[in-house]
Amino acid sequence: MTKSANTKKNAAPYGHGDLTWFTHDRFGMFIHWGLYSMPARHEWIRNYERITDEDYQVYFDLFNPDLFDPKAWAKTAREAGMKYLVITTKHHEGFCLWDTKYTDYKITNTPFGRDALREVVDAFRAEGIHIGFYYSLIDWHHPDFIVDGLHPLAFHDREKLNQGRDMKRYAKYMRDQVTELLTNYGKIDIMWFDFSYPWREMKPEDLKWSRNNPARHSWDGKGRDEWESDKLIRLVRKLQPKIVIDNRVDIPEAGDIITPEQYTPDAPLTHADGSPAAWEGCQTFSGSWGYYRDELCWKTTKQCIDMLINHVSRGGNLIMNVGPTSRGYFDERAMERLAGYAKWMKYNSRAIYGCGPAPKGFVEPVDSRYTYNPKTNRLYLHLQNWPFKHIQLPGLAGKVRYTQFLHDGSELRFRESGDGKAVHAALNALTPENAVTIELPVQQPDVEVPVIEIFLK
Ligand code: GLC
């Protein structure tokens with residue numbers, strides 16, 4: 001995927017957020033935390049297991065994260081090199097992490113009794129981290145939210161359940177809550193709405209998915225009309241003009257960023273007119289977003305670091321998710337990977353912050369990625385699979401002034417094709433035209449992904 005019909009550069013009926021810091025910082029932390037951390041079987045558990053409000057109530061009644069320590073979360077994020085946070089203020093389950101006036105279904109009414117959101121915002125701000133709010137458009141608890149095919153009660157008597165429900169009132173509820181969030185917590189840098197699934201005419205091949213009502217798509221979707229996205233986005237811009245908004249409210253022009261989820265684009269993303277688009281890949285350590293105790297498909301630390309590099313080398317940001325436990329801490333598996341980021345970023349963040357794709361025409365050697373900082377004119381070569389003794393960089397002859405390992409600033413000697421400096425004459429002959437060949441130690445240095453810093457002329 002290289003193109004997106006999403007945001008169009010100059011169509012700005014909704015204005016634009018400030019992307020300067022965003023595209024510089026590149027690396028953020030997502031936090032998904034809610035009642036679902038108690039069953040610990042996915043944040044979609046209400047949908048996956050078709051849980052009724054009555055059966056879900058036990059989690060609300062007992063929610064009490066006694067080890068909640070937002071300062072520790074913030075310190076961990078800062079050490080991992082993460083420069084911004086996006087936290088779920090409300091996920092699809094409808095539970096609110098702040099002291100909202102508009103529902104009783106909020107954290108201050110659980111045994112925990114505190115406004116966790118305020119404490120998180122304060123703690124992360126104190127670490128110099130930008131603050132973003134995720135707000136679910138979907139709400140499986142709200143009494144006005146029309147029960148659709150995604151709703152946990154989808155297979156109950158929908159007609160009966162939906163009597164008296166009114167999406168207009170629900171849309172107003174969202175605006176009221178968003179007003180609270182964007183008024184009472186200081187400057188907010190990102191607003192992350194999630195997500196739209198607009199109704200569409202069923203195609204014959206969709207029929208098999210539509211169990212209850214063959215006249216509609218199985219999801220009985222919701223989009224800009226149901227959310228009243230136009231009003232919602234105008235409100236957000238009015239309250240926080242510089243805020244960065246994601247692209248999930250079903251109005252393409254309203255989004256500042258494109259948000260690929262759980263995959264990494266293999267080339268920079270562009271607007272419909274071909275100009276580069278800002279994008280942020282959202283990724284998980286293990287597949288689910290909420291804490292999932294028994295999930296086994298955790299990525300390795302190396303994979304996590306590779307993901308960060310892969311995003312930045314294609315001009316994107318990475319927002320990596322943590323799902324805290326119901327007692328309020330990041331579990332060992334998450335901590336291990338975050339520590340891996342911290343160790344790597346301590347020495348290699350220069351190849352991430354302020355960086356993006358290499359200039360056109362720079363061809364990456366096999367098993368490696370380039371990132372490039374246009375301000376300093378330095379190119380970074382990330383060696384994701386350690387080569388043997390040499391690496392050749394096609395097309396760079398005549399362009400390189402100096403090369404070194406980034407982690408320790410130690411020189412790496414290089415030569416250019418045809419300069420006659422090769423130890424073996426044969427090597428010169430085998431070197432491609434216009435290439436730079438860098439000499440490497442046989443053993444990989446003790447760095448998860450070694451980076452070569454190339455000072456261009
Ligand atoms: C989704 C999911 C979800 C997660 C999110 C993050 O669409 O519904 O659980 O919050 O994306 O990108």
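# Briefing: one chain, one ligand

Of the 457 residues in this chain, 57% are buried. What you're looking at is a predicted model. The fold mixes both kinds of secondary structure, with 12 helices and 14 strands. Take the contacts with a separation of 6 or more, and 71% of them link residues 24 or more positions apart. On the outside, the chain exposes about 19900 Å², with carbon and sulfur atoms supplying 51% of that.

**The ligand and its surroundings**

- There are 13 residues around the ligand, and the ones that come nearest are His32, Glu43, Trp44, His91 and His92.
- Sorted by class, that shell comes out as six nonpolar, three polar and four charged residues.
- Glu43 puts a polar side-chain atom 2.6 Å from a ligand oxygen.
- His92 has a polar side-chain atom 2.8 Å from an oxygen atom of the ligand.
- For Arg248, the distance from a polar side-chain atom to a ligand oxygen is 3.4 Å.
- The ligand on its own would expose 310 Å², and the protein buries 94% of that.

**Helix H3: one side in, one side out**

- H3 runs over residues 53-62, and Tyr56, Tyr59 and Phe60 are its buried members to look at.
- These three sit on the same side of H3 because they cover an arc of only 100° around the axis.
- The general rule behind this is that an α-helix has 3.6 residues a turn, so residues three or four places apart point the same way.
- Turn to the other side of H3 and you'll find Glu54, Asp55 and Leu62, which are exposed.
- Helix H2 (45-48) is what the buried residues of H3 pack against.

**Helix H5: start, middle and end**

- At the start of H5, a side-chain oxygen of Asp115 comes within 3.1 Å of the backbone nitrogen of Leu117.
- Along H5 (residues 116-126), the buried residues are Ala116, Leu117, Val120, Val121, Ala123 and Phe124.
- Their cover includes three strands' worth of neighbours to check, namely S1 (27-31), S2 (84-90) and S3, along with helices H4 (70-79) and H7 (167-183).
- Just after H5 comes Gly128, with a positive phi of about 80°.

**Tyr84 in strand S2**

- Tyr84 belongs to strand S2, one of the elements that cover the buried residues of H5.
- With a relative accessibility of 0%, Tyr84 counts as buried because the cut-off is under 20%.
- Its side chain has a polar contact of 2.7 Å with the side chain of Glu280.
- The side chain of Tyr84 also makes a polar contact with that of Asn317, at 3.3 Å.
- Tyr84 and Gly132 are 48 residues apart along the chain, yet their C-alpha atoms are separated by 7.3 Å.

**The loop between S3 and H6**

- Two residues to look at here are His151, in the loop between strand S3 (130-136) and helix H6 (158-161), and Asp148, found in that loop too.
- His151 has a relative accessible area of 1%, so it is buried.
- Leaving aside residues up to four places away in sequence, His151 touches Arg50, Trp140 and Phe145.
- Asp148 is at 1% relative accessibility, so this one counts as buried as well.
- The side chain of Asp148 makes a polar contact of 2.5 Å with the side chain of Tyr197.
- Between the C-alpha atoms of Asp148 and Arg158, which are 10 residues apart along the chain, the separation is 7.9 Å.

**The loop between S5 and S6**

- Asn247 lies in the loop that connects strand S5 (244-245) and strand S6 (279-283).
- At 16% relative accessibility, Asn247 still counts as buried, because the limit is under 20%.
- The side chains of Asn247 and Thr259 are joined by a polar contact of 2.7 Å.
- The next residue to check is Arg248, which has a polar side-chain atom 3.4 Å from an oxygen atom of the ligand.

Key: Residues numbered from 1 in each chain as written. Predicted model: local features only at pLDDT ≥ 70, side-chain atom pairs only at ≥ 80, totals over all residues. Heavy atoms only, no water. Helix = DSSP H or I, 4+ residues; strand = E, 2+ residues; numbered from the N terminus. Buried < 20%, exposed > 50% of the residue type's maximum accessible area, 1.4 Å probe, protein only. Contact = heavy atoms within 4.5 Å. Areas by Shrake-Rupley, 256 points an atom, 1.4 Å probe, with all protein chains shown as cover. Near = heavy atom within 4 Å. Polar contact = N/O pair within 3.5 Å; in protein donor to acceptor, adjacent residues only side chain to side chain. Nonpolar A, V, L, I, M, F, W, Y, C, P; charged D, E, K, R; others polar. Arc of directions from axis to C-beta.
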